[in-house]
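Here are some exercises to work through with the model open beside you. Try each task before you read its solution.

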Amino acid sequence: MEKYISLGRQVVYDCLFENKCLDIQKIAVLYHKALQEKGISESPYLIIKGLDGNKLLLSDKLNVEPNSITTSPLNLGYDYKHQITASFKLPFVFRALKGVLWIELLFLIGFVICLVWQWNSIKMTLRSVRVQTMGIAHLEHELKKPLATMISAIGGMLKRKESVLCPTDEVKLGMIKARLMKMADITDTMLTSLKTSVLEVEREPIDLQLELEMITEMFTMIRKHARVEYHIAEGLGYPCLDKIYFNYIVINLVDNAIKYGGAHPVVKINFYEEGTDYILVVEDNGMGIAPKDQKQIFKQFYRVRNQQVTKTTGFGLGLTFVHKVVCAYGGKIHIESEIGNGSKFLIILPQVSWKN
């Protein structure tokens, strides 16, 4: 009897539940009133579960949501055979934040992917910089020292009192020495500009006919199998250019034309004006350049991949520097070429008066 009295509420609950007389809706109303007394206006729905976790009674079947806030279970009945919990709908702010969180998660994933891509790009750039630095250091060693040695040797030969050279040979050696000294200046300038992104051109009137005459004579001596011709439009004997960079442009383009010109290369140099621009055209009868390579040949260390080019020595820097010089002039360079029909390099340089 005492046990019955002490467990009266549980026994009553069990009796009502077994006889299906338990009014869960009334319990929900009482629960809601208790919440209102505590200052909570939300209306929960109640769930009574058995020991196996199955839902036995619901206060409102229509309001059951998978994503809700659920209270801790409260044991009910004799030997605590049942548990009752209260579930509240998520507030609007949390429901709205749910969608925002998904968007932020997608953004975070994209951000991480971008970071990984950027890191790989930085590593590739650093690797490229190291390769270029090594290449420039190699060029300094391979070019500057031999040029200095040749200039010194030719100077010593010309200064000998008891010379066995005829006047013609002395003139040729003097011209070679002058050309080597200009090549040394060009090499220093080129290597310096390759290390930096800034190149400045100092213009002044030059004797264009003398410059082109020296270039053709030089190639006549060092490339006897080639024929180099030049033509200067009337009235353009002293254009306002520069003595080092322009000379290098012509030498590089002519040298490339002869290298890839086959057994009997013919190179034609034309200089004329068109409107307010100087036009320099270097045309050859060589192997030609494929369209896919025409957009790439001005990149550093790029070389066309074919058997003839592979057999020819070079670092892939000449046309890169030519493009850099043309840009420093504020000009443009175009290529017209077909495989087997030669190439034409057309360089447009804006005219500038000597006073300016």
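## Exercise 1: Two helices that cross

Task: find out how α7 and α10 cross, and which residues meet there.

Solution. Start with the handedness: α7 and α10 make a left-handed crossing. Keep in mind that you're looking at a predicted model. Next, take the geometry: the two axes come within 10 Å and cross at roughly 145°.

Now go to the residues. On the α7 side you'll find Tyr-245, Phe-246, Tyr-248, Ile-249, Asn-252, Leu-253 and Asn-256. They meet Gly-318, Leu-319, Phe-321, Val-322, Val-325, Val-326 and Tyr-329 of α10. Finally, sort this contact by class: 11 residues are nonpolar, 3 are polar and none is charged.

## Exercise 2: Into the core

Task: how many residues does the largest nonpolar core have, and which elements give two or more residues to it?

Solution. First the count: this core has 43 residues. Phe-246, Val-254, Leu-280 and Phe-345 have the most contacts inside it. Then look at where the residues come from. The helices giving two or more are α6 (208-222), α7 (245-259) and α10 (318-329). The strands doing so are β7 (227-232), β9 (266-274), β10 (277-284), β11 (332-337) and β12 (343-350). With 10 residues, α7 supplies the largest share.

Now zoom in on Leu-280. Setting aside neighbours within four places in sequence, Leu-280 touches Phe-246, Ile-249, Val-250, Ile-269, Asn-270, Phe-271, Phe-345, Leu-346 and Ile-347. Another core, of 12 residues, lies apart from the largest one; among its members are Phe-17, Ile-24, Leu-35 and Ile-48.

## Exercise 3: Buried, partly exposed or exposed?

Task: decide whether Cys-240, Cys-327, His-323 and Gly-275 are buried, partly exposed or exposed.

Solution. You need two cut-offs here: buried is under 20% relative accessible area, and exposed is over 50%.

- Cys-240 has 7%, so Cys-240 is buried.
- Cys-327 has 45%, so Cys-327 is partly exposed.
- His-323 has 30%, so His-323 is partly exposed too.
- Gly-275 has 66%, so Gly-275 is exposed.

While you're on cysteines, check for disulfides: the count is 0.

## Exercise 4: Far in sequence, how far in space?

Task: place Gly-275 and His-323, then find how far each lies from a partner along the chain and in space.

Solution. Begin with Gly-275, which sits in the loop between β9 and β10. Gly-275 and Gln-351 are 76 residues apart along the chain, and their C-alpha atoms are separated by 9.1 Å.

Move on to His-323, in helix α10. His-323 is 26 residues from Ile-297 in sequence, with 9.8 Å between their C-alpha atoms. Beyond neighbours within four places in sequence, His-323 is in contact with Phe-298 and Ile-333.

## Exercise 5: The whole chain

Task: how many helices and strands are there, and what share of the residues is buried?

Solution. Count the elements first: the chain has 10 helices and 12 strands. Then check burial: of its 356 residues, 34% are buried. Last, consider contacts between residues at least 6 apart in sequence: 65% of them join residues at least 24 apart.

Technical notes
Residues numbered from 1 in each chain as written. Predicted model: local features only at pLDDT ≥ 70, side-chain atom pairs only at ≥ 80, totals over all residues. Heavy atoms only, no water. Disulfide = S-S within 2.5 Å. Buried < 20%, exposed > 50% of the residue type's maximum accessible area, 1.4 Å probe, protein only. Core = buried A, V, L, I, M, F, W, Y, C linked by side-chain atoms within 4.5 Å. Helix = DSSP H or I, 4+ residues; strand = E, 2+ residues; numbered from the N terminus. Contact = heavy atoms within 4.5 Å. Axes fitted to C-alpha atoms, helices over the stretch in contact; angles between N-to-C directions. Left-handed = near helix turned anticlockwise from the far one by under 90°. Nonpolar A, V, L, I, M, F, W, Y, C, P; charged D, E, K, R; others polar.
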